[in-house]
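Work through the exercises below with the sequence and the structure side by side, and try each task before reading its solution.

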Amino acid sequence: MQLRKNTAFITGGGSGIGLALAKEIDINFRANVRLTKLFLPILMEAHEAAIINVSSFLGIVPKKDSPGYCASKAAIHAFSKALRYRLEDSPVKVFEIIPPIVDTPMTKRLGPSVPKMSPESLAKEVFLGLKKDKYEIHPGKTKNALLINRFFPAYTERMAKKR
Ligand SMILES: NC(=O)c1ccc[n+]([C@@H]2O[C@H](COP(=O)([O-])OP(=O)(O)OC[C@H]3O[C@@H](n4cnc5c(N)ncnc54)[C@H](OP(=O)(O)O)[C@@H]3O)[C@@H](O)[C@H]2O)c1
């Protein structure tokens with residue numbers, strides 16, 4: 001897949017820390033749906049196009065201190081999947097990136113003791129995934145976390161409840 005030749009847009013907007021829950025859903029999820037609706041007719045005209053959504057591991061295993069954020073990311077996860085099925089026979093591919101904790105302004109408050117993936121490593125894995133048409137991209141620790149969650153869901157839930 002040659003990204004330079006394709007039309008792609010990336011959505012997903014910030015930590016939403018301190019925002020009212022409804023606003024968080026608006027920014028993180030509803031804006032995404034609206035953008036998709038607006039861009040889709042243009043993307044459908046392209047020879048090859050991609051929608052790249054950014055969700056989070058927290059959309060799959062939520063934690064107690066950010067219910068709005070977790071819910072918005074769970075919604076992005078389901079939306080991306082359903083949209084992918086729907087556009088299967090179209091030129092538009094639908095990707096979902098499920099990042100682990102990445103070292104960005106959003107995670108500054110977590111401090112240096114929390115291990116974070118570098119944005120550069122994340123980008124490398126994402127581009128590799130895009131090239132291989134891997135529609136759900138699980139960079140860094142997400143891969144193992146999802147695997148553990150699949151086989152030991154009670155364990156991951158216990159861990160998430162503590163966070
Ligand atoms: N960092 C992580 O550990 C992590 C983990 C999982 C998922 N994610 C997801 O990855 C995506 C990017 O996050 P990041 O880590 O790169 O965070 P970031 O460095 O804090 O960047 C957040 C981005 O969202 C934009 N934004 C913030 N509030 C907004 C608002 N009210 N309306 C519109 N745009 C807004 C910011 O725009 P301005 O620069 O103009 O303010 C910025 O471009 C997000 O969807 C996040 O949920 C991040």
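**Exercise 1: Overall build**

Buried residues account for 24% of the 163 residues in the protein, and the model examined here is a predicted one.

Task: state how many helices and strands the protein has, and in what order the elements run from the N terminus.

Solution: The protein contains five helices and four strands. Read from the N terminus on, its elements follow the order β-α-β-α-β-α-β-α-α. As a further step, consider the contacts between residues at least 6 apart in sequence, of which 61% join residues at least 24 apart.

**Exercise 2: The largest nonpolar core**

Task: identify which residues touch the most other members of the largest nonpolar core, and which elements give two or more residues to it.

Solution: The largest nonpolar core has 15 residues, and those that touch the most other members are Ala50, Ile51, Ile52, Val92, Phe95 and Ile97. The elements giving two or more residues to this core are β2 and β3, and β2 gives the most, with five residues. For Ile97, once its neighbours within four places in sequence are left aside, the contacts are Ile52, Val54, Val126 and Ile137. As background, nonpolar side chains in soluble globular proteins tend to be buried together.

**Exercise 3: Helix α2**

Task: check whether the end-to-end distance of α2 agrees or disagrees with the expected span, and find what its buried residues pack against.

Solution: Helix α2 covers residues 67-86, which is 20 residues, and at 1.5 Å a residue it should span 28 Å; because its end C-alpha atoms are 28 Å apart, the two values agree. The buried residues of α2 are Gly68, Tyr69, Cys70, Ser72, Lys73, Ile76 and Ser80, and they pack against α1 (21-45), β2 (49-54) and β3 (92-97).

**Exercise 4: Two loop residues**

Task: decide whether Leu58 and Asp133 are buried, partly exposed or exposed, and describe the setting of each.

Solution: Leu58 is placed in the loop between β2 and α2. Because 19 other C-beta atoms lie within 10 Å of Leu58, and 20 or more would be needed for a buried residue, Leu58 is partly exposed. Not counting residues up to four places away in sequence, Leu58 touches Lys63, Ser66, Tyr69, Cys70 and Lys73; between Leu58 and Ser72, which are 14 residues apart in sequence, the C-alpha to C-alpha distance is 9.5 Å.

Asp133 lies in the loop between α3 (119-131) and β4 (136-137). With 10 other C-beta atoms within 10 Å, and a limit of 12 or fewer for the exposed class, Asp133 is therefore exposed. The phi of Asp133 is near 55°, a positive value in a residue other than glycine.

Technical notes: Residues numbered from 1 in each chain as written. Predicted model: local features only at pLDDT ≥ 70, side-chain atom pairs only at ≥ 80, totals over all residues. Expected span 1.5 Å × (residues − 1). Contact = placed C-beta atoms within 7 Å. Core = buried A, V, L, I, M, F, W, Y, C linked by C-beta atoms within 7 Å.
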